[in-house]
Amino acid sequence: MTNHAPNRSPTQPASPDEALEAALAQAAELLQRARYCIALTGAGISAESGIPTYRGKDGLWTKTGEPPLNQYQRFLADPTAYWETQRQRRENPDELFATLREAVPNDGHFSLAELERLGILQHTITQNIDNLHRLAGSERLTEIHGNSHYTRCLACNARAPFDEIPEALPPRCEDCGGLLKSDTVMFGEPIPRDRLAACFHEAEQADCLLLAGTTAVVTPAADFAWDIYRRGHPLIEINPEPTVISDHCTVTIRAPAGEALPRIVDQLKRSAARSHDS
Ligand SMILES: [Zn+2]
């Protein structure tokens with residue numbers, strides 16, 4: 001396929017790059033037209049920062065086995081044992097732990113933060129727990145599965161970043177003395193109500209959804225996508241691979257988020273400059 005004709009007739013299909021360019025332009029237009037666009041991100045965007053995904057061929061759980069389904073109940077039964085294990089992992093970090101601590105945001109994360117600053121993106125809901133959206137500068141953010149760099153008080157729900165694990169275990173909330181766990185939502189643990197309410201609130205207002213690096217199969221995040229779709233609003237998907245929701249998307253962009261999103265930001269900035277000039 002090295003020999004492509006220079007004078008392609010209009011009836012011939014566009015080349016993959018032309019198709020990608022057209023999809024990016026269409027996405028930029030939808031974003032510009034939306035009154036309240038939100039983003040939903042998943043493991044794919046973190047994978048571009050070197051964080052392994054859980055499921056799939058090279059997935060973490062495929063190698064190490066899935067965590068126990070009653071992980072949360074085990075934590076409640078013996079929180080000190082949990083925190084002891086966490087301390088040991090910090091002292092002798094395994095490969096995964098080191099990767100999670102050292103990962104940095106990629107251009108996909110930075111572009112979402114920029115779309116927020118430009119007033120084009122109103123909110124980001126992420127299924128990722130790795131803190132990368134915050135590091136990239138996203139402020140209107142709901143981490144539906146929590147954030148592994150934060151603790152959460154089980155009594156008053158206060159969240160705080162933590163670097164060191166205190167001497168006395170289990171750690172207690174400075175405000176109310178309640179038990180602290182990692183903010184990351186464990187298997188068997190309900191999603192904190194405030195987070196879920198924030199997601200519902202955002203999804204209800206949304207008239208456009210940008211899906212980046214999510215397969216849209218894990219509920220409840222997937223439910224928000226379907227809800228926005230059923231209300232007749234456009235869905236923009238950025239994912240190198242097709243997903244269950246692809247056929248329902250107004251635009252599908254078959255590229256990594258770190259490649260597609262900066263190009264969309266460029267398009268939006270160019271068109272803003274043009275409308276400013278005219
Ligand atoms: Zn508390």
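What follows is an exchange between a biologist and a modeller about a predicted model of one protein chain.

Biologist: What is the mean pLDDT of the protein chain?

Modeller: This is a predicted model, so confidence comes up early. In the protein chain, 91% of residues reach a pLDDT of 70 or more. The mean pLDDT is 90.

Biologist: Over which residues does pLDDT stay under 50?

Modeller: Look at the start of the chain. The stretch in question has zero contacts beyond four places in sequence. It covers residues 1–6.

Biologist: How many helices and strands does the protein chain have?

Modeller: The C-alpha atoms fill a box of roughly 70 × 40 × 35 Å along the principal axes. Of the 278 residues, 36% are buried. The secondary structure comes to 11 helices and nine strands.

Biologist: Into which domains is the protein chain divided, and how many Å separate their centres?

Modeller: Domain 1 takes in 16–51, 104–145 and 190–273, while domain 2 takes in 53–102 and 149–183. Eight residues of domain 1 and six residues of domain 2 form the contact. Taken over C-alpha atoms, the centres of domain 1 and domain 2 are separated by 27 Å.

Biologist: In what order do the six strands of the open sheet stand?

Modeller: Strands of a sheet pair through backbone hydrogen bonds, either parallel or antiparallel. Here the pairing is parallel. The order is β3-β2-β1-β7-β8-β9.

Biologist: Which strands stand at the edges of the sheet?

Modeller: An edge strand here has a single partner, so one of its sides is left without a neighbour in the sheet. From one strand to the next, the twist averages 15°. The edge strands are β3 (141–143) and β9 (251–253).

Biologist: Which residue of β9 stands opposite Ile 238?

Modeller: Strand β8 covers residues 235–238. Three bridges join β8 to β9, and the two run parallel. Opposite Ile 238 stands Ile 253.

Biologist: What angle does the direction of α1 make with that of β9?

Modeller: Helix α1 packs on the sheet. It touches β1 (37–41), β7 (208–212), β8 and β9. Its direction and that of β9 make an angle of about 130°.

Biologist: Is β2 largely enclosed or open, and why?

Modeller: Count the residues of β2: five of the six are buried. The cut-off for buried is 20 or more other C-beta atoms within 10 Å. With that count, β2 is therefore largely enclosed by the rest of the structure.

Biologist: Which residue of β3 is the bridge partner of Ile 125?

Modeller: Strand β2 has partners to follow here. Five bridges join it to β1, in parallel, and Cys 37 stands opposite Leu 121 in β2. Three bridges join β2 to β3, also in parallel. The partner of Ile 125 in β3 is Thr 142.

Biologist: Which helix gives the largest share of the largest nonpolar core?

Modeller: That core has 47 residues. Those with the most contacts inside it are Ala 27, Leu 31, Cys 37, Leu 209, Leu 211 and Ala 225. The largest share is six residues, from helix α1 (residues 16–33).

Biologist: Which residues does Leu 211 touch, leaving out those up to four places away in sequence?

Modeller: Leu 211 is among the residues with the most contacts inside the core. Its partners include Leu 40 and Ala 225. The full list is Leu 40, Ala 216, Ala 225, Leu 235, Ile 236, Glu 237, Ile 238 and Ile 245.

Biologist: Where are the cis peptide bonds before Pro 170 and Pro 220?

Modeller: Most residues other than glycine have a negative phi, and most peptide bonds are trans. Pro 170 lies in the loop between β5 (159–161) and β6 (180–182), and Pro 220 in the loop between β7 and α10 (221–230). Omega is about -5° for the bond joining Leu 169 and Pro 170. Omega is near 5° for the bond from Thr 219 to Pro 220.

Biologist: Is Asn 131 buried, partly exposed or exposed?

Modeller: Asn 131 has a positive phi of about 75° although it is not a glycine. It sits in the loop between β2 (121–126) and α8 (132–136). With 19 C-beta neighbours inside 10 Å, Asn 131 counts as partly exposed.

Key
Residues are numbered from 1 along each chain as its sequence is written. This is a predicted model: local features need pLDDT of at least 70, side-chain atom pairs count only at pLDDT 80 or more; totals for chains, interfaces and linings use all residues. A nonpolar core is a set of buried Ala, Val, Leu, Ile, Met, Phe, Trp, Tyr and Cys residues joined through C-beta atoms within 7 Å. A residue is buried if 20 or more other C-beta atoms lie within 10 Å of its own, exposed if 12 or fewer, and partly exposed in between; C-beta atoms are placed from the backbone. Helices (H or I, at least four residues) and strands (E, at least two) are DSSP runs, numbered from the N terminus. Two residues are in contact if their C-beta atoms, placed from the backbone, lie within 7 Å. pLDDT is the predictor's confidence in each residue, from 0 to 100. Two strands pair if DSSP finds at least two bridges between them. Axes are lines fitted to C-alpha atoms, for helices over the stretch in contact, and angles run from 0 to 180 degrees between N-to-C directions. Domain bounds come from an automatic or database domain assignment.
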